[in-house]
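Please open the model in your viewer and keep the sequence panel beside it. The stops below are given in the order in which they may be selected.

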Amino acid sequence: MAENADGDLNSNLLHAPYHTGDPQLDTAIGQWLRWDKNPKTKEQIENLLRNGMNKELRDRLCCRMTFGTAGLRSAMGAGFCYINDLTVIQSTQGMYKYLERCFSDFKQRGFVVGYDTRGQVTSSCSSQRLAKLTAAVLLAKDVPVYLFSRYVPTPFVPYAVQELKAVAGVMITASHNRKEDNGYKVYWETGAQITSPHDKEILKCIEECVEPWNGSWNDNLVDTSPLKKDPLQDICRRYMEDLKKICFYRELNSKTTLKFVHTSFHGVGHDYVQLAFQVFGFKPPIPVPEQKDPDPDFSTVKCPNPEEGESVLELSLRLAEKENARIVVATDPDADRLAVAELQENGHWKVFTGNELAALFGWWMFDCWKKNKSQNTDVKNVCMLATTVSSKILRAIALKEGFHFEETLPGFKWIGSRIKDLLENGKEVLFAFEESIGFLCGTAVLDKDGVSAAVVVAEMASYLETRNVTLNQQLIKVYEKYGYHISKTSYFLCYDPTTIKSIFERLRNFDSPKEYPKFCGTFAILHVRDITTGYDSSQPNKKSVLPVSKNSQMITFTFQNGCVATLRTSGTEPKIKYYAEMCASPEQSDTTLLEEELKKLIEALIENFLEPSKNGLIWRSV
């Protein structure tokens, strides 16, 4: 920091009061400079102050993060609305306060902390450091902490919470977000992500204890406290043991001629996927050398999201061609999601969508259940789940096969807590998914899991190979039996919350006040469901069966032609997402016709409801 004429360190900067003309901002600056002990982030605020950047100071210091579909998630950097040492300490203090109120045995049962491999040099901020500070806050309050000694897949945290009977856990991750981001994902004692009212209550508790307590910055406790335990070996062993419950053809796996390539997208997945393949009896998958080790810059991909398809899978597809491997499995950086590609007979790669993979998983998990069930098991006791913006293919399979299917709000936190309820009521849950390549086979973990999904895909492919059937050919068989479900999901970027709100408000007051649209272009609308307001025109009482979610925008249109389309805001990124699906009956097998109809409907949806040019929306770049 520069010295002033008197030679002492800009004393006018470091001593309140600050006179920006905005009392709220002056207070926030004073608090930040008193509380932040990270020299890099403290300096970022001091530089903004010195340069009179009041608007940016206000943006950084005068608002707080809130819980979205994946907990707290934001860019790393200085400020109360960013992820950094201080905001993670504040969040953990709030967590402590809330958990102390909820659990009388908190200090016996303890808390789990895991982290991925993200980091930002300019803020001296890394997932590992944030995990240590999370642990330090709790250790200073005499709470036993299970802190993983190295990076782990996100599903290991909810798994550990359940296995170790901890009251809660946190995973420091921003999953597949851009490299600048990080996050704080909270799991309850059930092993499912927190839902309302816990999120609201924790936020209230965070607000009540924003000043760091004595000891909160003392990350040495991680090395010195007898209350810190490392659960890595134990949890890894138990997790791999539990994986065997969803392995049905181990002997066949050990003999397969199929070769697999795995990319871990510069994240945590490599070692854990290798181990999982071993458990299933496979030879190890071939890793993509440039992407197998952690790299917080994600230097070989334009974005670390395997959902973006072929453009980000380039290295793995080229390696697979070279190695004569027909199948590529890609786990995202925190290994909770899975993308799959298969080489087709025409020499092109097919990257499956989340909905297509779910059709395969749904068929496979039910088929394995049928072949392995005991005589007196009732199919009505079996369940599968999906989020409401995902394909309805599981519903079609359930109707024909007689098992139970349920929908939840978007976000795996809703699936996890619903599975918990079903299990407590004696149900057997085989599979659950969300279309954004999040899958859960079995119920050892109550969150999406890319590690188990990767090895289940490998087993499915090996089994089909013995019947000379590819994954894609099997997908067509599933559609022929249960009806084609052709879907498209994409998004627009929009950085202006006011524009987003006005787009959705216009739909709620379309031709006249409080009237939803009856047509979208030439397509007639049969029903409208608005999760934001709780309205559903298909219900006798016009009330949505799914819980109201006031903090996010989400409207679903059911069309007369059998198409279902949803517009919603993302819980983790500045996106307006759209989801559209044609759900055909098994006798409607002209896929060209169905695809054409879906394409026209999506064009009408974009043009009439989103109006991208008028609203300045940025199209997804492919």
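Select strand 2 (residues 111–115) together with strand 6 (residues 168–172): the two run parallel and are joined by 5 bridges. Helices (H or I, at least four residues) and strands (E, at least two) are DSSP runs, numbered from the N terminus. Within this pair, F111 faces A168 of strand 6. The model is predicted, so local features need pLDDT of at least 70 and side-chain atom pairs count only at pLDDT 80 or more, while totals for chains, interfaces and linings use all residues. Residues are numbered from 1 along each chain as its sequence is written, and side-chain values use heavy atoms, with hydrogens and water left out.

Next, widen the selection to the whole sheet. It is open, with 6 strands in the order 1-7-6-2-5-8 and mixed pairing; two strands pair if DSSP finds at least two bridges between them. Strand 1 (72–75) and strand 8 (228–229) are the edges; each has a single partner strand, so one side of each is left without a neighbour in the sheet.

Now add helix 5 (residues 85–102), which lies across strands 1, 2, 6 and 7 and runs at about 5° to strand 7 (181–188). Angles run from 0 to 180 degrees between N-to-C directions, with axes fitted to C-alpha atoms, for helices over the stretch in contact; contact means heavy atoms within 4.5 Å. Helix 7 (residues 127–139) also packs on the sheet, touching strands 2, 5, 6, 7 and 8, and its direction makes about 165° with that of strand 2.

Move on to the open sheet of 5 strands, ordered 10-9-11-12-13 with mixed pairing. Strand 10 (286–287) and strand 13 (349–351) form its edges, each pairing on one side only. Strand 9 (residues 260–263) runs parallel to strand 10, with 2 bridges between them, and H262 stands opposite P287. Helix 19 (residues 471–482) lies across strands 11, 12 and 13, at about 105° to strand 12 (338–343).

Select helix 13 (residues 269–279) next. Of its 11 residues, 8 are buried (under 20% relative accessible area, 1.4 Å probe, protein chains only), among them Y272, V273 and F277. G281, with a positive phi near 90°, follows this helix.

Finish at helix 18 (residues 450–465), where 15 of the 16 residues are buried. D449 caps its N-terminal end, with a side-chain oxygen 2.9 Å from the backbone nitrogen of V451.

Terms used:
Buried means under 20% relative accessible area, exposed over 50%, partly exposed in between (1.4 Å probe, protein chains only). A polar contact is a pair of N or O atoms within 3.5 Å; within protein, one must be able to donate a hydrogen and the other to accept it, and residues adjacent in sequence count only if both atoms are side-chain atoms.
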